[in-house]
Amino acid sequence: MNQAIPLKLADDPVARRIWERSATAIHGQDPQRGAPSSQPVSHYLNPAQLADELALLKTLPMPVAPIAQLAQPGDWLSTRVHGVPVLLTRDAQGGLNAFINVCRHRGAIVVPEEACGHGKTRFVCPYHSWTYDACGASVGRPHEADFPHVPREAAGLVALPVAERLGMAWVIATPQTGFDWDGYFGPIGAEVEALGYNSTAFSPERRQFVQPSNWKLVLEGNLESYHFQYAHQKTVAPIFHDNMVVHEHAGDHHKIVLPKRTLAETSANTIDMDLVGRHTHIIYYFFPCAFMLWEGDHIDLFTVSPTDVDHCDVHGWMLVPERYQHRAAEHWQKNDFLFWETLDEDFALAASIQSGLRSGANDAFRFGRNEFACALFNESLARRLG
Ligand code: FES
Ligand SMILES: [Fe+2]
């Protein structure tokens with residue numbers, strides 16, 4: 001299981017670049033700013049807007065479960081991805097499969113939703129017992145002769161694109177072929193994978209809840225640090241600099257470095273990602289719905305999926321790469337607690353915004369030059385919506 005992870009390389013060029021750009025930002029020589037912008041409030045309230053957004057989201061990858069949870073043949077998991085019932089299976093050949101979890105007879109949900117388990121080779125619909133194997137093939141139908149018009153080859157579960165990347169199983173909620181996974185993840189995905197977030201990462205913690213706000217408010221709240229010193233006074237404000245990010249984006253994905261105050265007091269000849277991880281946090285945001293926060297020895301990640309204009313489903317996990325898995329459960333619990341205590345502050349503010357959206361106070365949200373990542377997110381969305 002041991003594999004070379006290039007974290008110990010002296011003068012890792014990725015690490016050095018992060019370090020030097022952070023130091024420059026701290027000394028005020030590279031204040032990252034973009035153009036001021038605004039977004040119509042109607043974009044957070046309009047069901048037609050949301051329908052267009054959901055149609056787009058369903059064509060793009062969404063992380064749905066840690067690979068470690070689906071590691072062995074017979075492992076399975078059911079969930080929803082942007083409203084589509086999804087079943088994931090690990091087949092006897094070791095392949096990971098994703099299907100629409102809907103029976104091909106008369107549409108019943110085949111496997112109970114939001115469940116998981118091990119050692120399952122057959123999935124039986126509770127209605128008339130049409131049966132599928134872990135590859136989705138139809139392998140049993142009572143009174144089959146009564147279905148001369150539905151050949152067995154046409155009665156298998158509908159497959160969805162699935163990939164194993166960055167420690168997670170990623171699913172696209174629309175059947176399609178030829179999706180360019182390498183192109184989607186790009187250099188930011190490669191950087192996360194090189195940090196050890198692959199099939200060996202495990203997930204000691206997870207969350208799931210309904211958030212009473214538009215999905216975009218949740219993401220915007222996590223793409224700027226302008227609010228840290230005010231909204232996070234009880235949690236992480238003392239750790240980070242005020243109003244400072246070191247930002248890069250590749251395509252529609254973002255990498256946002258948050259230098260800690262300790263970085264300014266630290267000098268080092270050899271810069272590696274261990275050092276960077278002790279003195280920064282890095283947000284890796286994968287458009288449109290996946291937010292990852294790298295905190296040196298683990299990643300906290302969450303996804304958002306809109307259910308209506310006023311609500312979204314949130315799923316969260318913690319991912320720990322192999323090299324840090326020896327650390328005690330209490331360490332991960334402590335980290336998980338601080339992450340969600342901080343996030344709860346953000347989520348409460350997003351809910352408060354949503355509750356006032358219909359007041360008429362604002363026609364538009366104003367994003368400052370310091371909130372340019374929010375503007376870039378909205379530009380990506382608008383461009384892809386055409
Ligand atoms: S709906 Fe599944 S067997 Fe009839
Ligand atoms: Fe926040």
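I started with burial: histidine 232 and aspartate 346 are both buried. I am working from a predicted model.

**Iron site**

I looked up what holds the iron ion (ligand 2). His227 coordinates the iron ion through NE2, His232 does likewise through NE2, and Asp346 supplies two OD entries. I noted distances of 2.1 to 2.3 Å for these contacts.

Next I checked the geometry. The four donor atoms subtend angles of 58 to 144° around the iron ion, so the arrangement is irregular. To count as tetrahedral, all angles would have to lie between 85 and 135 degrees.

Then I read the spacing along the sequence. The donor residues follow H-x4-H-x113-D. Histidine 232 and aspartate 346 are 114 residues apart and link distant parts of the chain. I found histidine 232 in the loop between α5 (228-231) and β14 (246-250). Aspartate 346 sits in helix α7, residues 329-356.

**Sheet**

The loop with histidine 232 lies between α5 and β14, so I followed β14 next. Which strands make up the open sheet, and in what order? I traced seven strands, ordered β13-β19-β18-β17-β16-β15-β14, with antiparallel pairing. The edge strands are β13 (206-211) and β14, and each of them pairs on one side only. I noted that neighbouring strands are turned by 15° against each other on average, with direction ignored.

Last, I looked at the partner of β14. Five bridges join β14 to β15 (residues 253-259), and these two strands run antiparallel. Within this pairing, I found alanine 250 bridged to histidine 253 in β15.

Conventions
Residues are numbered from 1 along each chain as its sequence is written. Chains are lettered from A and ligands numbered from 1 in the order in which they are written. This is a predicted model: local features need pLDDT of at least 70, side-chain atom pairs count only at pLDDT 80 or more; totals for chains, interfaces and linings use all residues. Side-chain values use heavy atoms; hydrogens and water are left out. Donors are N, O and S atoms within 2.8 Å of the metal (3.2 Å for Na, K and Ca); water is not among the atoms, so sites may look incomplete. Four donors count as tetrahedral if all angles lie between 85 and 135 degrees; four count as square planar and six as octahedral if opposite donors are over 155 degrees apart and all others between 65 and 115; anything else is irregular. Helices (H or I, at least four residues) and strands (E, at least two) are DSSP runs, numbered from the N terminus. Buried means under 20% relative accessible area, exposed over 50%, partly exposed in between (1.4 Å probe, protein chains only). Two strands pair if DSSP finds at least two bridges between them. Axes are lines fitted to C-alpha atoms, for helices over the stretch in contact, and angles run from 0 to 180 degrees between N-to-C directions.
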